[in-house]
Amino acid sequence: MQTALADFIRSSPAGREADAILRSCVHCGFCLPACPTYQLLGDELDSPRGRIYLMKQLLEGEAVTARTQLHLDRCLTCRACESACPSGVRYGQLLDIGRALVEERVPRTASARVQRYLLRRIVPYTRRVRAVLGIAGAVRPLLPRALRARVPAGAAAAAPLLSQRPPAWPTPRHARRVALLEGCVQPALAAGINPAAAQVLDRIGITCIRVAGGGCCGALSHHLSVHTESLAQMRRNVDALWPHLAAGAEAVVFAASACAAMVCDYGRLLKDDPTYAARAERVSALAQDISQLLAANAGITDGGRCCGSAGTYSVLQPELATRLLRAKVAVLEAGAPQLIATANVGCLAHLRTGTTLPVHHWIELLAARLSGG
């Protein structure tokens, strides 16, 4: 793709990165079948290729409108297009640049700003999430139907196949060690997932260390283009993880696949920070979803198409998220399964609103089987 970036961006690090990404795109269209929003809407501008054209226009100095913002907002950031692209276009990185520029140029409504602010102030903090869920659960019958469907219905949200009591964290006993960053929403929404991950790893000879002092991986603020906030969260996690890596932990493990994807990007996102660049690169090199670690040690695999959750997407784009959810559930239920398994807590919560089947993190199911449940 030929480019002629505008003066305001051309010579900046972001401009050079964007220019290289744009030039790698050959307009082939292999990304379109992989894109959930294009499959749903059939609009070229709601495909990776169409959004790349919009961002190219933005970077070349053309006018930016709310229409541009809408199409970029509609992207799930699932990055399935990157796997399908034969040219290796780093679409996710380009989208980060494009969204940040549009955020500067297109003002949002007051209600949209408040909504995004509340998401940033609540979701990345486990205690706040627990408090909100407790309040919402208490008043759930009084909520509007659309909102009520998004609030877990207490014990009814979990299946009888699994105990309601989170499993115990195993006692450290193995020479092989990994560090597990517990995250923010997951301990509040599905407290059994991380202990289940630790139990499964314990059964294959790996001690799983709980990392104190960590928190949100930074994905939520990053995808809302509040990069100063997300970088601060990344630095905090690097600080929390570093003593464990220095002590010999062989990997940084996540039981939330979205967090694993984010932390794998720490090295790139902190590359210009002289204090953190080297350590962030090391953290990224060792970051793995637990399925990757188990695949290397026990032959387990994982896969699937986006359900429409995508972090805050189900809140900010509820209509599209619901349509994607229905399509996903229809495929999942077609084989008449007993339950649905997922690798990410956001997907777990979202899928539970669209099916009567039990929905669990797959690591909980494996932990239950290994313990005789």
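How exposed is Ala310, in terms of relative accessibility? Ala310 comes out at 27%, so this residue counts as partly exposed. The views below work through a predicted model, beginning with the whole chain and then moving to individual spots, Ala310 among them.

**View 1. The whole chain, with its 22 helices and six strands.** The radius of gyration is 21 Å, close to the 21 Å that the globule rule gives for 373 residues, so the chain is as compact as a globular protein of that length. Laid along its principal axes, the C-alpha trace spans about 60 × 50 × 35 Å. Of the 373 residues, 49% count as buried. Take the contacts with a sequence separation of 6 or more: 69% of them come from residues 24 or more positions apart. The accessible surface adds up to about 17,500 Å², and carbon and sulfur atoms hold 56% of that.

**View 2. Strand E1 and its parallel partners, E2 and E3.** Here E1 (residues 176-180) runs parallel to E2 (residues 206-210), and five bridges join the two. One place to look is Arg177, whose bridge partner in E2 is Thr207. E1 also pairs with E3 (residues 252-254), again in the parallel sense, over two bridges. On that side, Ala179 has Val252 in E3 as its bridge partner.

**View 3. Leu293, a buried residue of helix H18.** H18 covers residues 290-298, and Leu293 sits within that run. With a relative accessible area of 3%, Leu293 falls under the 20% cut-off, so it is buried. What does Leu293 touch, once residues up to four places away in sequence are set aside? The list is Val178, Leu201, Ile206, Val253 and Gln288. Val178 belongs to the residue range of E1 and Ile206 to that of E2, while Val253 falls in the range of E3, so this view ties in with the previous one through the contacts of a buried leucine. For a sense of scale, Leu293 and Pro144 are 149 residues apart in sequence, and their C-alpha atoms are 42 Å apart in space.

**View 4. Two arginines over aromatic rings, Arg128 and Arg210.** Arg128 lies over the face of Tyr125, at 4.0 Å from the ring centre. In the other case, the charged end of Arg210 sits over the ring of Trp169, 4.3 Å from the centre. As for rings pairing with rings, the count of aromatic pairs is zero.

**View 5. Two loop residues with positive phi, His27 and Ala310.** Neither label is a slip: His27 is not a glycine, yet it has a positive phi of about 60°. Ala310 isn't a glycine either, and its phi is positive at about 50°. His27 is in the loop between helix H2 (13-24) and helix H3 (36-41). Ala310 is in the loop between H18 and helix H19 (313-316). At 33% relative accessibility, His27 counts as partly exposed. Ala310, at 27%, is also partly exposed.

**View 6. Glu229 in helix H14, with two arginines among its contacts.** H14 takes in residues 227-246, Glu229 included. Glu229 has a relative accessibility of 17%, so this glutamate counts as buried. Leaving out neighbours within four places in sequence, Glu229 is in contact with Arg120, Arg121 and Ser221.

**View 7. Gln69 of helix H5, and the residues it touches.** H5 is made up of residues 66-73, with Gln69 among them. At 8% relative accessibility, Gln69 counts as buried. Beyond residues up to four places away in sequence, Gln69 touches Val102, Glu103, Val106 and Arg108. Val106 is 37 residues from Gln69 in sequence, but the two C-alpha atoms are 7.4 Å apart.

**View 8. Ser111, an exposed residue of helix H8.** H8 spans residues 110-122, and Ser111 lies in it. Its relative accessibility is 57%, so Ser111 counts as exposed. Ser111 and Glu62 are 49 residues apart along the chain, with 27 Å between their C-alpha atoms.

**View 9. The buried residues of helix H21 and what they pack against.** Within H21 (residues 345-352), the buried set is Val345, Cys347, Leu348, His350 and Leu351. These residues pack against helices H11 (185-189), H12 (193-203), H19 and H20 (318-333). Strands join in too: E5 (340-342) and E6 (359-361) are also packed against by the buried residues of H21.

Note on methods: Residues are numbered from 1 along each chain as its sequence is written. This is a predicted model: local features need pLDDT of at least 70, side-chain atom pairs count only at pLDDT 80 or more; totals for chains, interfaces and linings use all residues. Side-chain values use heavy atoms; hydrogens and water are left out. Two strands pair if DSSP finds at least two bridges between them. Helices (H or I, at least four residues) and strands (E, at least two) are DSSP runs, numbered from the N terminus. Buried means under 20% relative accessible area, exposed over 50%, partly exposed in between (1.4 Å probe, protein chains only). Contact means heavy atoms within 4.5 Å. Rings of Phe, Tyr and Trp (its six-membered ring) pair if their centres lie within 6.5 Å; planes under 30 degrees apart count as stacked, over 60 as edge-to-face and the rest as tilted. A charge sits over a ring if NZ of Lys or CZ of Arg is within 6 Å of the ring centre and within 35 degrees of the ring normal. The radius of gyration is taken over C-alpha atoms; the globule rule is 2.2 Å times the number of residues to the power 0.38. Accessible areas come from the Shrake-Rupley method with a 1.4 Å probe; for residues, only the protein chains shown count as cover.
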